[in-house]
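Trainee: I am new to this structure and would like to go through it slowly, with the reasoning spelled out at each step.

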Amino acid sequence: MALSTSTQYAGAEDFFLLFGLYTRGGEIFLPASDELLCEYLAWQALTVDPKNLKGRLSAIRHLHLRMGLQWVPVSERYRVDRCLTGLMRLCPRAAKRKLPITPQLLISRMRQCPLIPWADPRMKVVWAAMLTAFFCFLRKDNFTAAKVDSFNSRKHLTRGDVVVGANCVQYTLRHSKTNQFGLREHTVVAPAIHGCILDAREAVYQAFQVCPGAKKADPAFCLPSVAGSVVPLTHQVFVASLRFCLKAIGVDPNRYSGHSFRRGGATFALNQGVDPLYVKWMGDWRSDAYLGYVDQYAPESLVRLPAAMAAACARMG
């Protein structure tokens, strides 16, 4: 089980046990009855998005199996199943996705803002990570570490995984959300756009000069430490830098996140007519969730469809 999943399950188990103790007092409430599960789900729905309630039930299932207790699948619990459906109907919550980062936002506003110290070593590394995430549709876990001391060369992108060529930068990813056991390598490429602000190759080259002595097993995007070694670019530093840049250009940072580069790159590619299957492969998606970016963030794409249909009908007379 992934560490993040184990942590989530542990928290959800504690909530359920505390709820059982509070509502049942000294009674034995495990294995959990349908009535208890329905009460717990209704209580959780007050603060938790109903679509996440199945995850809470998965944690309770894990608790039962870990303790050697009998667990009846939710699909065979009519009351619990109906309770989930009812809560989805009574407590609808629209998805609040963060906005995508666009080339216009990067070029016209952020990069040209005099308030942002792009010559600073940290910002050079952040800029290279931004362009890498945008052009390669990367999750922030691909190129940043959760904490300074949590970098793992077997899971995170290393200096040796990045090859700076004459016309592109090649990245080899050996671990991701969809490849947690490292059973395959996923190679992606960011193009060189000579003379353009959004030249990912030049940005990565400049970022590597910040720590020229970094070894192949060191983080791909790293910063020098006080002790003379290197430290990885962390989630916190990357997101904080993004928020700083957005504030500097007068944009609400709460509407964006580190994931905005992945969404922005995919949206831009789809908007340019790139085959969706190529976008799916490049971003290493296992589902078709990426197609939702077009529906919500590229309304001009929706205009093309009826326009194309109208043009086709006009040609028929």
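The conversation below moves through aromatic rings, charges over rings, nonpolar cores and backbone geometry.

Trainee: Before we look at single residues, how many aromatic pairs does a search of the whole structure find?

Mentor: Please keep in mind that this is a predicted model, and that every value we discuss is computed from it. Ring centres must lie within 6.5 Å for two rings to pair, and with that cut-off the search of the whole structure gives a total of eleven.

Trainee: Is the pair of Phe-16 and Tyr-40 stacked or edge-to-face?

Mentor: The two ring centres are 5.2 Å apart, and the planes of Phe-16 and Tyr-40 stand at 85 degrees. Planes over 60 degrees apart count as edge-to-face, so the pair of Phe-16 and Tyr-40 is edge-to-face.

Trainee: How many residues apart in sequence are the parts that Phe-16 and Tyr-40 tie together?

Mentor: Phe-16 is buried, with a relative accessibility of 0%, and Tyr-40 is likewise buried, with a relative accessible area of 0%. Phe-16 belongs to helix H1, residues 3-24, while Tyr-40 belongs to helix H2, residues 34-44, so the parts tied together by this pair are separated in sequence by 24 residues.

Trainee: And is the pair of Phe-19 and Trp-43 stacked or edge-to-face?

Mentor: Phe-19 lies in helix H1 and Trp-43 in helix H2, so this pair too ties together parts that are 24 residues apart in sequence. Phe-19 is buried at 9% relative accessibility, whereas Trp-43, at 35%, is partly exposed. Their ring centres are 5.2 Å apart and their planes meet at 25 degrees, so the pair is stacked.

Trainee: Which residues do ring pairs link into a cluster with Phe-16?

Mentor: We have already met the pair of Phe-16 with Tyr-40 and the pair of Phe-19 with Trp-43. Ring pairs join these residues and one further phenylalanine into a cluster, so that Phe-16 is linked with Phe-19, Tyr-40, Trp-43 and Phe-29.

Trainee: Over the ring of which residue does the charged end of Arg-111 sit?

Mentor: There are two arginines to consider here, and Arg-159 lies over the face of Phe-208, at 3.9 Å from the ring centre. The charged end of Arg-111 is placed 4.8 Å from the centre of another ring, that of Trp-127.

Trainee: Which helix gives the most to the largest nonpolar core?

Mentor: The largest nonpolar core has 59 residues, and Met-130 is one of those with the most contacts inside it. Leaving aside neighbours within four places in sequence, the contacts of Met-130 include Met-110, Trp-118 and Phe-261. The helix that gives the most to this core, with twelve residues spanning part of 121-136, is H6.

Trainee: Where is Pro-31 found, and what kind of peptide bond joins Leu-30 and Pro-31?

Mentor: Pro-31 is found in the loop between H1 and H2. With omega at about 0 degrees, the peptide bond that joins Leu-30 and Pro-31 is cis.

Trainee: What is the phi of Phe-137, and is Phe-137 buried or exposed?

Mentor: Phe-137 lies in the loop between H6 and helix H7, residues 140-143, and although Phe-137 is not a glycine, its phi is positive, at about 55 degrees. Its relative accessible area is 7%, and under 20% counts as buried, so Phe-137 is buried.

Methods: Residues numbered from 1 in each chain as written. Predicted model: local features only at pLDDT ≥ 70, side-chain atom pairs only at ≥ 80, totals over all residues. Heavy atoms only, no water. Phe/Tyr/Trp six-rings, centres within 6.5 Å; stacked < 30°, edge-to-face > 60°. Helix = DSSP H or I, 4+ residues; strand = E, 2+ residues; numbered from the N terminus. Buried < 20%, exposed > 50% of the residue type's maximum accessible area, 1.4 Å probe, protein only. Lys NZ or Arg CZ within 6 Å of the ring centre and 35° of its normal. Core = buried A, V, L, I, M, F, W, Y, C linked by side-chain atoms within 4.5 Å. Contact = heavy atoms within 4.5 Å.
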